[in-house]
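The exercises below are to be worked with the sequence and the model side by side. Each task is followed by a solution in steps.

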Amino acid sequence: ARHEIVPSTGVSETGKGSVRYHFLAPLLTAKQLSEAAHSEFAMLHDSSYENYKQKLVWSAAGHGDRKILGGFPEAGGDTANEAITRAASQAEAWKKETKDHREYVLTEFLRVCDVHKRQLQELTITESGVHSASAESQLEGGFELLEQAIAKPETTWAQECTAEVVIGQAENSQKMWEHISFLVNGKGVVFVPPENSIFVATALKFIAEYAGVPPGMVQPIVTSNRNLMDWECGKRPDVDTFA
């Protein structure tokens, strides 16, 4: 089932006579994203909170007093393998959708991201310590990259892939958005997010699912071992690796 997100009733003024609803804002905090990730992990893997390790995420050095922002279930090879299997299963249904439908869903994903751009910027700043202008530039660059992929899906790297799922390691924000852009080609995407963008990657996953992307099609893998190719899942014949 799709992750349940309850819209908030709060609104904020964006100009004279206009109101913009920030309906996902309650979810897009470090605390709520951590809890959502743990809940999904426990549901998918039938695990209690005592049965798996978690990776703690700290605020950026120099961003006030360093503190723990939250924790995420730390994936191992078996977990990554299950995520790939889930993404491959969902990709079958996603590819059967018309090109227009996929374009509509991903355009809606971008719209919802734009509505909550301030929350995504705050997550970026807190976790990575970048200036607000840099955080905004990273998001705008990601939006533009996906817009271009939606307009011309034949230009993406994944266009030539034969596998149902693309896996990889995103070293920076641009690489993370490149992975997400492969949705336009009907591919499931399982990737290790940038070390300073775990919250943003998780937020984008849940926003994508809210917009209509099948659950599990986009799956950040939080792990200390950043190279998925080191595990058996990286050698599966039904995956392509994006470097």
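How do the residues of the lining of the largest cavity divide into nonpolar, polar and charged? The model is a predicted one, and the solution starts from the list of cavities.

**Exercise 1. The largest cavity**

Task: Find the largest cavity, list its lining and sort the lining residues by class.

Solution.

Step 1. Count the cavities. With a threshold of 30 Å³ or more, the structure has 3 cavities.

Step 2. Take the largest cavity, which holds about 70 Å³ of space.

Step 3. Read off the lining: K99, R102, E103, L106, A149, I150, P153 and V184.

Step 4. Assign the lining to elements. Two or more residues each come from α3 (99–115) and α5 (132–151). The largest share, 4 residues, belongs to α3.

Step 5. Sort by class. Pro and Ala count as nonpolar together with Val, Leu and Ile, while Lys, Arg and Glu count as charged. The lining of the largest cavity therefore divides into 5 nonpolar, no polar and 3 charged residues.

**Exercise 2. Two lining residues, I150 and E103**

Task: State where I150 and E103 stand in terms of burial, and how far apart their C-alpha atoms are.

Solution.

Step 1. Place I150: this residue is found in helix α5.

Step 2. Apply the cut-off for I150. Its relative accessible area is 9%, so I150 is buried, since buried means under 20%.

Step 3. Apply the cut-offs to E103. At 33% relative accessibility, E103 is partly exposed, because this class lies between the 20% and 50% limits.

Step 4. Give the separation. I150 and E103 are 47 residues apart along the chain, and their C-alpha atoms are separated by 6.1 Å.

**Exercise 3. Salt bridges within helix α3 and elsewhere**

Task: Describe the salt bridges E103–K99, R111–E108 and D238–R236, with the burial of their residues where it is available.

Solution.

Step 1. Start from the total: a search of the whole structure gives 10 salt bridges.

Step 2. Take E103 and K99. Their closest N and O atoms are 3.7 Å apart, within the 4 Å limit for a salt bridge. E103 and K99 are 4 residues apart in helix α3, so about one helical turn separates them. K99 is partly exposed, with 46% relative accessibility.

Step 3. Take R111 and E108. The N to O distance of this salt bridge is 2.8 Å. R111 and E108 are 3 residues apart in helix α3, which means a separation of about one helical turn. R111 is partly exposed at 40% relative accessibility.

Step 4. Take D238 and R236. The closest N and O atoms of this salt bridge are 2.7 Å apart. D238 is partly exposed at 27% relative accessibility, whereas R236 is buried at 16%.

Step 5. Add the network, in which E40, R86, K205 and E209 are linked by salt bridges.

**Exercise 4. The largest pocket**

Task: Give the volume of the largest pocket and describe its lining.

Solution.

Step 1. The volume of the largest pocket is about 330 Å³.

Step 2. The pocket is lined by 19 residues, of which E40, F41, H45, Q219 and P220 are the closest to its centre.

Step 3. The elements that give two or more residues to this lining are α1 (30–45), β4, α2 (77–96), α7 (198–211) and β7 (218–220). Helix α1 gives the most, with 5 residues.

Step 4. By class, the lining of the largest pocket has 11 nonpolar, 4 polar and 4 charged residues.

Step 5. Link to the salt bridges. E40, one of the residues closest to the centre of the pocket, is also part of the network with R86, K205 and E209.

**Exercise 5. A30 and a surface patch**

Task: Decide whether A30 is buried or exposed, then describe the patch that contains I68.

Solution.

Step 1. A30 lies in helix α1. A30 counts as buried, because its relative accessibility of 17% is under the 20% limit.

Step 2. The C-alpha atoms of A30 and F199 are separated by 6.6 Å, although these residues are 169 apart along the chain.

Step 3. L56, W58 and I68 make a nonpolar surface patch of about 290 Å².

Step 4. I68 is found in strand β4 (residues 68–73). Its relative accessible area is 43%, so I68 is partly exposed.

How values were computed
Residues numbered from 1 in each chain as written. Predicted model: local features only at pLDDT ≥ 70, side-chain atom pairs only at ≥ 80, totals over all residues. Heavy atoms only, no water. 1 Å grid on protein atoms, 1.4 Å probe; cavity = no way out; pocket = protein on both sides within 12 Å on 5 of 7 lines; lining within 4 Å. Points joined across faces, edges and corners; volume = space filled by probe spheres on them. Patch = residues over 30% accessible without salt bridge, like charges linked within 9 Å, V, L, I, M, F, W, Y side chains within 5 Å. Areas by Shrake-Rupley, 256 points an atom, 1.4 Å probe, with all protein chains shown as cover. Salt bridge = Lys/Arg side-chain N within 4 Å of Asp/Glu carboxyl O. Buried < 20%, exposed > 50% of the residue type's maximum accessible area, 1.4 Å probe, protein only.
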